[in-house]
Amino acid sequence: MKRILYCSKDDLFTLKDTCPSCGAATTTTQPPKYSLDDKYADYRRKAKEPLRKEAGLL
Ligand SMILES: [Zn+2]
């Protein structure tokens with residue numbers, strides 16, 4: 001089944017693998033599958049680190 005894809009740059013939904021507006025690769029709208037292992041926790045924390053420093057939480 002073809003899933004709806006999303007371009008975060010243009011805030012645009014599409015079925016194509018690349019954005020029709022800016023040509024960038026689109027990302028899926030589905031959240032990652034729930035897992036007790038949480039394989040992406042490290043990546044998620046690293047991605048949010050600058051925002052937390054900005055907010056003075058770190
Ligand atoms: Zn785009």
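Two residues are taken to be in contact if their C-beta atoms, placed from the backbone, lie within 7 Å. With that in mind, select D10, which, once its neighbours within four places in sequence are left aside, is in contact with C19, S21 and C22. The model on the screen is a predicted one, and the tour below moves from the whole chain to its strands, its loops and its helix.

**The whole chain**

Start with the full chain in cartoon view, where the secondary structure comes to one helix and three strands, and where the pattern read along the sequence is β-β-β-α. The radius of gyration is 15 Å, well over the 10 Å that the globule rule gives for 58 residues, so the chain is more spread out than a compact globule. Turning the C-alpha trace along its principal axes, you can follow a span of about 40 × 30 × 10 Å. Buried residues make up 3% of the 58 residues in the chain, and of the contacts between residues at least 6 apart in sequence, 7% join residues at least 24 apart.

**The sheet**

Next, select the three strands, which form an open sheet in the order β2-β1-β3 with antiparallel pairing. The edge strands are β2, residues 12-14, and β3, residues 27-28, each of which pairs on one side only. Now narrow the selection to β1, residues 5-7, together with β3: the two pair in the antiparallel sense over two bridges, and L5 can be seen standing opposite T28 in β3.

From there, move to F13, which is found in strand β2. Leaving aside its neighbours within four places in sequence, F13 is in contact with I4 and Y6. A residue counts as exposed if 12 or fewer other C-beta atoms lie within 10 Å of its own, and F13, with 11 C-beta neighbours inside 10 Å, therefore counts as exposed. If you draw a distance from F13 to K46, 33 residues apart along the chain, the C-alpha atoms turn out to be separated by 27 Å.

**The loop between β1 and β2**

Return to D10, which is found in the loop between β1 and β2. D10 is partly exposed, with 14 other C-beta atoms within 10 Å. A distance drawn from D10 to D42, 32 residues apart in sequence, gives 27 Å from C-alpha to C-alpha.

Select D11 next, a residue found in the loop between β1 and β2. Most residues other than glycine have a negative phi. The phi of D11, however, is near 55°, a positive value in a residue other than glycine. D11 is exposed, with 8 other C-beta atoms within 10 Å.

**The loop between β2 and β3**

Which residues does C22 touch, not counting those up to four places away in sequence? Select C22, found in the loop between β2 and β3, and display C7, K9 and D10, which are the residues that it touches on that count. Even so, C22 counts as exposed, with 11 C-beta neighbours inside 10 Å. Looking from C22 towards E49, 27 residues apart along the chain, you will find the C-alpha atoms separated by 28 Å.

**The segment before β1**

Now go back to K2, whose place is in the segment before β1. K2 is exposed, with 6 other C-beta atoms within 10 Å, and the C-alpha atoms of K2 and Y34, 32 residues apart along the chain, are separated by 21 Å.

**Towards the helix**

Moving on along the chain, select D38, whose place is in the loop between β3 and α1. D38 has a positive phi of about 50° although it is not a glycine, and D38 is exposed, with 10 other C-beta atoms within 10 Å.

Then select helix α1, residues 41-54, which has 14 residues and reaches 20 Å from its first C-alpha to its last, close to the 20 Å expected at 1.5 Å a residue. Where does a kink of about 40° lie in α1? Centre the view on K48, where that kink is found, shortly before the proline P50. Is α1 largely in the open, and what number of its 14 residues is buried? The number buried is zero, so α1 lies largely in the open.

Finish the tour at G56, just after α1, where the glycine takes a positive phi of about 75°.

Definitions and conventions
Residues are numbered from 1 along each chain as its sequence is written. This is a predicted model: local features need pLDDT of at least 70, side-chain atom pairs count only at pLDDT 80 or more; totals for chains, interfaces and linings use all residues. Two strands pair if DSSP finds at least two bridges between them. Helices (H or I, at least four residues) and strands (E, at least two) are DSSP runs, numbered from the N terminus. The expected span of a helix is 1.5 Å times one less than its number of residues. The bend at a residue is the angle between axes fitted to the seven residues ending there and the seven starting there. A residue is buried if 20 or more other C-beta atoms lie within 10 Å of its own, exposed if 12 or fewer, and partly exposed in between; C-beta atoms are placed from the backbone. The radius of gyration is taken over C-alpha atoms; the globule rule is 2.2 Å times the number of residues to the power 0.38.
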